[in-house]
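Biologist: I would like to learn how to read a model like this one, feature by feature. Could we go through it together?

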Amino acid sequence: MYKVMQLLDANHIKDLLMQRGLEKVYIIEKEYNCILLLGEVRGSHVVIGIYQGSRSIYAKIVNVQHVLEPYWKCDYLDYVPYGLYTFSNSIEELVDKIIMKIDRVLRVQNR
């Protein structure tokens, strides 16, 4: 059985997201298999859940307008019917995909 060997490091992921264009990133929650972040880009905010799966690392990106603040939790974000998922086997690739998905999530908001 294939296992993802890369551990989730919240500060490293935060730094990567800021290097790739997010203006601000806040760590909301850290669990053994999940990190929840709040990101700001061009005055808009997104909630980003990054999860350690059994076969890959994946993320869900949701506009904050679709998630009430009391539900900014790793366990709840999966149940929000809005947002986009992305999957990868490396943190760096996942962060690049997150950046692309953030642009998509924000474009949908501005229609």
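Biologist: Let me start with a single residue: does R42 count as buried or exposed?

Modeller: Happy to start there. Keep in mind throughout that this is a predicted model. R42 has 55% relative accessibility, so it counts as exposed. As for its place, R42 sits in the loop between β2 and β3.

Biologist: What is phi of R42, and how should I read it?

Modeller: The general idea is that most residues other than glycine have a negative phi. R42 has a positive value, with phi near 50°, although it is a residue other than glycine.

Biologist: Thanks. There is another loop, between β1 and β2; which residue there could we look at?

Modeller: Take Y32, which lies in that loop. With 75% relative accessibility, Y32 counts as exposed. Its C-alpha is 10.0 Å from that of D9, and the two are 23 residues apart in sequence.

Biologist: How far should I trust the prediction, and where is confidence highest and lowest among the elements?

Modeller: Begin with the whole protein chain: the mean pLDDT is 89, and 91% of the residues reach 70 or more. Confidence is highest in β2, at 96, and lowest in helix α3 (residues 91–109), at a mean of 90. Residues 1–5 need care in reading: pLDDT stays under 50 there, and the model has twelve contacts for them beyond four places in sequence.

Biologist: Now the sheet. In what order do the strands come?

Modeller: In general, strands of a sheet pair through backbone hydrogen bonds, either parallel or antiparallel. Here five strands form an open sheet in the order β1-β2-β3-β4-β5, and the pairing is antiparallel. At the edges are β1 (24–31) and β5 (84–88), each pairing on one side only. From one strand to the next the twist averages 20°. Helix α1 (residues 10–19) packs on this sheet and touches β1, β2 (34–41) and β3 (44–52); the direction of α1 makes about 155° with that of β1.

Biologist: How many bridges hold β3 and β4 together?

Modeller: Seven bridges, in the antiparallel sense. A hairpin of four residues leads from β3 to β4, and I48 stands opposite I61 in β4. Strand β4 (residues 57–63) is also joined to β5 by five bridges, again antiparallel. There, Y58 has F87 in β5 as its bridge partner.

Biologist: How many residues of β4 are buried?

Modeller: Seven of its seven residues, so β4 is mostly covered. The general idea for reading the two sides is that side chains in a regular strand alternate between the two faces of the sheet. In β4, one side carries I57, A59, I61 and N63 and the other carries Y58, K60 and V62; all are buried, and both faces are covered.

Biologist: Y58 has come up twice. Which ring does Y58 pair with in β5 in a tilted way?

Modeller: A search of the whole structure gives five aromatic pairs. One of them is Y58 with Y85, a tilted pair at 6.3 Å centre to centre with 40° between the planes. Y58 is in strand β4 and Y85 is in strand β5, so the pair ties together parts that are 27 residues apart in sequence. Y85 counts as partly exposed, with 33% relative accessibility. Ring pairs also link Y51, Y58, Y85 and F87 into a cluster.

Biologist: One last feature: which cysteines does the disulfide join?

Modeller: In general, a disulfide is a covalent bond between the sulfur atoms of two cysteines. The count here is one disulfide, joining C34 to C74 with S to S at 2.0 Å. C34 lies in strand β2 and C74 in helix α2 (residues 74–77), so the pair ties together parts that are 40 residues apart in sequence. The torsion about the S-S bond of C34 and C74 is about -90°, so this disulfide is left-handed. Both C34 and C74 are buried.

Note on methods
Residues numbered from 1 in each chain as written. Predicted model: local features only at pLDDT ≥ 70, side-chain atom pairs only at ≥ 80, totals over all residues. Heavy atoms only, no water. Pairing = 2+ DSSP bridges. Helix = DSSP H or I, 4+ residues; strand = E, 2+ residues; numbered from the N terminus. Axes fitted to C-alpha atoms, helices over the stretch in contact; angles between N-to-C directions. Contact = heavy atoms within 4.5 Å. Phe/Tyr/Trp six-rings, centres within 6.5 Å; stacked < 30°, edge-to-face > 60°. Buried < 20%, exposed > 50% of the residue type's maximum accessible area, 1.4 Å probe, protein only. pLDDT = per-residue confidence, 0-100. Disulfide = S-S within 2.5 Å.
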